[in-house]
Amino acid sequence: MATPQQPALKDITSAPASNAAVSRSRLCKLSAKNINFFYGSFQALYGISLDIEANKVTAFIGPSGCGKSTFLRTMNRMNEALRNTRVEGELLIDGENLLAMDVTYVRRRVGMVFQKSNPFPKTIFDNVAYGLRVNGVTKKSVIEEAVERSLTHAALWTEVKDKLQKPATALSGGQQQRLCIARALAVEPEVLLLDEPCSALDPIATLKIEELLFQIKDMTTIVIVTHNMQQAARLADRTGFFLLGKLIEIDDTRTIFQNPAKKETEDYVTGRFG
Amino acid sequence: MTQEISLRRRITNVVMLSLTGFCTVLVIGVLFFILGYLFVHGARSLNLAFFTQLPKPSGETGGGMANAIVGSGKVLLIAVLIGVPIGSLAGIFLAEYSNKTFAFTIRYVVDLLNGIPSIVIGIVAYSLVVLPMKHYSTLAGGVALGIMMIPIAVRTTEEFLLAVPNSLREGAMALGATKAKTIFTVVVPAAISGLISGMMLNLARVAGETAPLLFTALGNMFWSKGWLQPVATLPVMIYNYALAPAEDLHQQAWAAGFVLLALVLAINITARLIIARGPASSRR
């Protein structure tokens with residue numbers, strides 16, 4: 001699991017610091033090139049092209065049905081589980097097209113946390129260990145260490161360390177969602193996708209998740225879809241605005257919220273629609 | 001005018017309510033009549049010898065059905081070994097892999113198979129097992145009941161797997177699990193209590209089947225060794241003894257009926273308990 005991390009690190013160190021533009025392109029973890037997506041004959045995404053920077057938090061905002069979740073699910077190919085879908089274009093991870101890779105390998109590198117927490121009906125320990133076990137890790141000490149580390153990163157360790165063998169479904173909603181984050185972190189993904197992870201949570205649980213995301217962004221590249229613009233403003237280094245299946249613009253979060261280039265973005269972030 | 005309508009409605013209401021109530025009482029009444037009758041007659045004829053002794057030759061009184069109790073157990077064991085794997089794997093395929101039209105076809109065929117009279121299933125097992133092996137056997141009886149278990153096994157597996165939320169499948173696949181791993185490490189465990197109890201109810205259903213055993217397991221007044229000899233089973237013993245011209249045998253048949261019913265009830269109740277306590281229950 002540790003090996004795929006290597007190329008990214010090397011890229012960062014070898015990037016020429018003199019040229020900012022080059023350095024930015026070197027830091028790019030994921031790169032979408034003209035992505036079109038279809039549910040049957042309905043086109044949900046139109047020519048999405050963007051770069052996701054390594055070890056940054058990127059947020060996607062936009063009204064319901066604008067395609068931001070569809071695009072997120074394209075990045076770890078979750079949409080393939082749905083029948084009758086089709087994707088066009090290229091999605092590069094460290095320069096390689098992930099649409100042409102083995103799908104389980106893609107998902108090991110690009111983890112995902114869903115809108116509604118979905119702990120398996122197993123113990124807390126087995127939930128976090130699941131990703132390691134399906135990826136062939138059998139050594140008990142390795143699994144135990146990874147479980148503790150992941151739960152710590154997900155700010156859940158102190159709350160659950162005495163009840164690791166209890167069913168995960170007995171946890172509260174916020175704890176369940178942090179467990180799902182821990183579960184995703186256990187396989188050390190290079191990119192972590194979060195699909196409105198806080199939409200079902202109260203403000204305190206939301207705050208905890210935002211704090212932990214802030215803590216883990218030097219370990220992994222984070223992409224988060226959110227309906228909550230304050231959340232995007234608080235969390236994200238970069239923000240992309242989607243509308244009707246198109247990426248209207250993506251830029252530094254401050255620019256998007258204070259000085260967006262496009263009229264539609266301004267209307268949306270100032271609350272004129274959506 | 002309005003008064004008239006409301007009067008007519010009230011009368012209709014009373015009539016329909018009485019009718020449905022009467023039918024409900026009738027259904028419950030029949031059930032309790034059978035249970036009570038069986039209990040009174042069965043319990044009276046039941047004694048220790050029934051569980052420990054072999055049937056006595058005709059003319060002698062006493063004896064028991066130890067061989068039939070064990071025989072029923074053996075036949076049901078084979079039925080489970082055949083029906084559960086085939087049925088549940090087919091159910092997994094239907095729920096997780098097949099496309100809509102194919103699933104519809106298979107489901108339809110399975111429902112048809114479920115509607116085939118049990119005696120016809122007996123004939124099938126007779127021609128598949130008894131004829132080639134040239135004698136009746138425990139194996140043949142088990143094959144007949146196993147085939148009878150398949151349709152319900154398929155449908156219950158499918159239903160319980162479809163009830164597992166899709167978010168669990170997505171969660172597992174997002175961690176790099178293959179589809180097969182997702183099914184066997186997340187989906188099936190999430191549905192396991194439902195699957196187990198479904199299979200138990202299925203087993204209880206075929207435990208009382210008589211017709212398919214008549215010309216597959218046949219019957220036996222003695223212990224049946226191994227799996228390839230004719231074997232006594234409780235339903236067939238009831239059938240034979242109830243037709244026999246001796247009061248003593250009738251009493252034995254009552255006792256056998258009572259034991260069979262108790263067995264089926266026990267399986268049913270256990271299955272319900274498993275469903276109620278399982279992780280797949282709607283509470284979570």
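Biologist: What percentage of the 284 residues in chain B do buried residues make up?

Modeller: This is a predicted model. A residue counts as buried when 20 or more other C-beta atoms lie within 10 Å of its own. In chain B, buried residues account for 41% of the 284 residues.

Biologist: How many helices and strands does chain B have?

Modeller: Chain B contains 11 helices and 0 strands. Its pattern along the sequence is accordingly written α-α-α-α-α-α-α-α-α-α-α.

Biologist: Why is chain B described as more spread out than a compact globule?

Modeller: One compares the radius of gyration with the value that the globule rule gives. For 284 residues the rule gives 19 Å, whereas chain B has 24 Å, which is well over that value, so chain B is more spread out than a compact globule. Along the principal axes, the C-alpha trace of chain B spans about 70 × 65 × 35 Å.

Biologist: Which domains does the assignment give for chain B, and how many residues does each bring to their contact?

Modeller: The assignment gives domain 1 (2-45) and domain 2 (48-283) in chain B. Their C-alpha centres lie 32 Å apart. Domain 1 of chain B brings 6 residues to the contact and domain 2 of chain B brings 7 residues. On the side of domain 1 that touches domain 2, there are 3 nonpolar, 3 polar and no charged residues.

Biologist: How should I read helix 5 of chain B, and what span should its 16 residues have?

Modeller: The expected span follows from 1.5 Å a residue. For helix 5 (residues 118-133) of chain B this gives 22 Å, and the end C-alpha atoms are 22 Å apart, which agrees. Helix 5 of chain B also has a kink of about 40°, centred on Y126(B). Just after this helix, K134(B) adopts a positive phi of about 65°.

Biologist: Which residues of helix 5 of chain B are buried, and what covers them?

Modeller: I121(B), G122(B), A125(B), V129(B) and V130(B) are the buried residues of this helix. Their cover includes helix 6 (138-162) and helix 9 (211-214) of chain B.

Biologist: How many residues does each chain give to the contact between chain A and chain B?

Modeller: In general, the size of an interface is often given as the accessible area lost when the parts come together. Here the contact is described by residues, with 20 residues from chain A and 17 residues from chain B. Helix 4 (103-109), strand 6 (110-113) and helix 5 (124-134) of chain A each supply at least two residues of the side of chain A that touches chain B. By class, that side of chain A holds 9 nonpolar, 7 polar and 4 charged residues.

How values were computed: Residues are numbered from 1 along each chain as its sequence is written. Chains are lettered from A and ligands numbered from 1 in the order in which they are written. This is a predicted model: local features need pLDDT of at least 70, side-chain atom pairs count only at pLDDT 80 or more; totals for chains, interfaces and linings use all residues. Two residues are in contact if their C-beta atoms, placed from the backbone, lie within 7 Å. Helices (H or I, at least four residues) and strands (E, at least two) are DSSP runs, numbered from the N terminus. Ala, Val, Leu, Ile, Met, Phe, Trp, Tyr, Cys and Pro count as nonpolar, Asp, Glu, Lys and Arg as charged, and the others, Gly among them, as polar. The radius of gyration is taken over C-alpha atoms; the globule rule is 2.2 Å times the number of residues to the power 0.38. A residue is buried if 20 or more other C-beta atoms lie within 10 Å of its own, exposed if 12 or fewer, and partly exposed in between; C-beta atoms are placed from the backbone. Domain bounds come from an automatic or database domain assignment. The expected span of a helix is 1.5 Å times one less than its number of residues. The bend at a residue is the angle between axes fitted to the seven residues ending there and the seven starting there.
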